[in-house]
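Q: I would like a close look at one part of this model. Please keep it plain.
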Amino acid sequence: MAEALQIVADERALDREQRARLHTAFLDEWNTWTNWRGDTFDLPGSWKADIDQLLRAGLRIDDLIELVDVAMAVKAKDTWKYFCGCCWRRLKQDVDCAAEIVSRAALSEEKLVTIWTNSQIAEHVQSSETYAGGLLGDDSISSAYCPHRQWGEGDCGDPVCQIERSEALSWMADSMNRKRKRDEAIMNELDELESADA
Ligand SMILES: [Zn+2]
């Protein structure tokens, strides 16, 4: 417990040190600018808290330093207020950019739209299953399962999974069907040969 408290205290001290460094970096930049009388520009009493807030909102110290120069170059009546406005505008642009990235990602994740109706899918799946059931053993039927299910469990009910599974069943049933026909043809030929011999 004492150890945990010490860790929290250390972290807080580190945080305080870090913030103090950032405040100094900001102030150094701010004070490089002076008015025609050689005075530095006024900062409100809340400036450290305001800087902390901007940093927490997502700006980096490099942004702040850059925007100090932007704000100073504009001869605003209240340089601090103008500077804060620049910061919030940049944050908003960042947010807009982030929103655009998210919406572009969402597009590639968009759900499918298909011309298949649910009853067409059901019909297709039903006929494949009937076809496969007449030709395949339990093992082959069990071997057709979707990525969301285990061996022998079929499909999860998602239309894509249903179609994919029914195609696998049809494909296996087709090859079984061809093999049976070939075997039958061979048997018939053998029968014919035998009866010709007789
Ligand atoms: Zn599935």
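Which element of the chain has the lowest mean pLDDT, and which the highest? Then take me through the largest nonpolar core.

A: Helix H4 has the lowest mean pLDDT, 85, and helix H5 (residues 118–135) the highest, 94. This is a predicted model, where local features need pLDDT of at least 70, side-chain atom pairs count only at 80 or more, and totals for chains, interfaces and linings use all residues. Residues are numbered from 1 along each chain as its sequence is written. pLDDT is the predictor's confidence in each residue, from 0 to 100. The chain average is 89, and 99% of the residues score at least 70.

Now the core. The largest nonpolar core (buried Ala, Val, Leu, Ile, Met, Phe, Trp, Tyr and Cys joined through C-beta atoms within 7 Å) has 11 residues, including Phe26, Trp30, Ile51 and Leu54. Buried means 20 or more other C-beta atoms within 10 Å of a residue's own. Helices H1 (2–30), H2 (47–57), H3 (61–73) and H4 (79–108) each give two or more residues to this core. Helices here are DSSP runs (H or I) of at least four residues. H3 gives the largest share, four residues.

Look at Leu67. Leaving out residues up to four places away in sequence, Leu67 touches Phe83, Cys86, Cys87 and Arg90; touching means C-beta atoms within 7 Å. A second, separate core has five residues, among them Ala132 and Ile141.

Step back to the whole chain. The chain has seven helices and zero strands. Buried residues make up 11% of its 198 residues. The C-alpha trace spans about 125 × 50 × 30 Å along its principal axes.

Key:
A residue is buried if 20 or more other C-beta atoms lie within 10 Å of its own, exposed if 12 or fewer, and partly exposed in between; C-beta atoms are placed from the backbone. Two residues are in contact if their C-beta atoms, placed from the backbone, lie within 7 Å.
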